[in-house]
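User: I'm new to reading protein models. Could you walk me through one, feature by feature?

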Amino acid sequence: MGQLFSRYIRPDQLATAILAPENSGIKEDKLSGQTKAIWKTEKRAEQESDTDTGISKTVSLPNGSKLILMPDTTLPYTALSMYWAGGEGDVPASKQGLAALSASVLTRGTASMNATEIEDFLSDHAASIGASAGRTTFALEAKYPSRFSGKVLPLLKEMALSPSWDKEEVDRARQDQIASIKRREDQPLGLMFRHLFPFLFADAPYSYLSDGTPASVAAITAADARKFWEKQRTRPFTMAVVGDFDAKNIEDFAKAVATAHSDPSNNYAFPKLRWNTAREKDMSLPERNQAHIVMSFPVPGKSDLETSAQLAVLKAALAGQSGLLFRDMRDKQGLGYTVTSFLWQAREGGLMALYIGTSPDKVDQALKGFKTVLKELELDPLPQKELDRAKSILKGEYYQEHQSLLSRSREAALLTTLGFDTDHERMLIEKAQSVTPQQIQKLARTYLNADKAYLMKVLP
């Protein structure tokens, strides 16, 4: 941001219009002189050179792990993301939710600090540390003022190498997770999206319920969490660090963690998506005057960069308040209060889905509306105006989402863990700018066939 500001917000490029009172004495040349005296071009040039973001560097760590250094001295903060392959993919079906519970407890105690002491430490140092589990990944992340690196990194190392797995904290996390599951099951959208993946996919971990079930979580013990982490942390990891940092200190920290537990032979085989044979599922949530519909379509995964770029453009054209779905189905027909599309992709497969929240008496009309939009995409190329709007939205969202240091460290670590280059998403955005209406039309004809869609509904 500092470089961007220095490049464009300059006194020699300033244009000012002033409406001043008559006989006020305000003169153009006087204002210009004062501005130049206060805001010197040479000073801005110095600031621009001081905010050099540096060059990214990848360091090989012991036992197959990697470290990605992405210096950016714009702000005196550091963001650090450590990613392992595994997550829910390391959990048996009977223990669904174990990875999420382990992530919740991992940062709640170490050999030397309990949960309260950790909370106080983070508060005193304006820092944050958190862990999360995905279907095929596990992450430990931190963000902190750079001057506290010497205090935060030892704590992060202790969390990774010697978490306490305190029984009380495990019990508390278990209760929180079960309560969260019940809250989601009591809301139409929460119910739908918790059960969407088990409806669509046949194999673990994609077929697992998000966060498990109350019964599976209730049976998880501190010993289960400890055993899960012992297996998870021995996998090689990728650590990405973005911001203002001492490279040597970061490398020493990363090498210490990699040396202590990484095992290059403990690799994770990412599973392929296998879709279920049943294509329709209705769920009921009584006493709700709402209907929610998701129409899903199998599409290629992230490895197919060309198709992924086209899918991203199509999703942007369909989604949002300015999208085709919203304008046609809500503005023109009044079919629902929310209508959009979304795209999810793993390495070798993914899904594109159309979603609408509507009233129960408009379900058939809403489904007809989906089919009409899809048929129009098949029959006629997307107007260039719509295509340009979608590309602009896609590009704008990408750069907006990458403003924070943590979003950039997270992306670099995650992409590398999944087997992609760190600039994979940027390449996708660049490739999307050359997508044509004819490519979108072919894409719709190939993948968005309403007769082969997976249809899920939540009804009263």
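User: Which strands does helix α8 lie across?

Analyst: Helices (H or I, at least four residues) and strands (E, at least two) are DSSP runs, numbered from the N terminus. Here, in this predicted model, α8 (residues 188-200) lies across β7, β8, β9, β10 and β11 (454-459). The helix runs at about 150° to β11; axes are lines fitted to C-alpha atoms, for helices over the stretch in contact (heavy atoms within 4.5 Å), and angles run from 0 to 180 degrees between N-to-C directions.

User: In what order do the five strands form the open sheet?

Analyst: Two strands pair if DSSP finds at least two bridges between them. The order is β7-β11-β8-β10-β9, with mixed pairing. β7 (280-284) and β9 (336-345) are at the edges with a single partner strand each, so one side of each has no neighbour in the sheet.

User: How do β8 and β10 run?

Analyst: Antiparallel: nine bridges join β8 (residues 291-299) to β10 (residues 350-358). V294 sits opposite Y355 in β10.

User: What about unusual backbone spots?

Analyst: Most residues other than glycine have a negative phi, and most peptide bonds are trans. Yet A204 and P205 share a cis peptide bond, omega about 0°, and P205 is in the loop between α8 and α9 (214-218). E287, not a glycine, has a positive phi of about 60° and lies in the loop between β7 and β8.

User: Any ground rules?

Analyst: Residues are numbered from 1 along each chain as its sequence is written, and side-chain values use heavy atoms, leaving out hydrogens and water. Local features need pLDDT (the predictor's confidence in each residue, from 0 to 100) of at least 70, side-chain atom pairs count only at 80 or more, and totals for chains, interfaces and linings use all residues.
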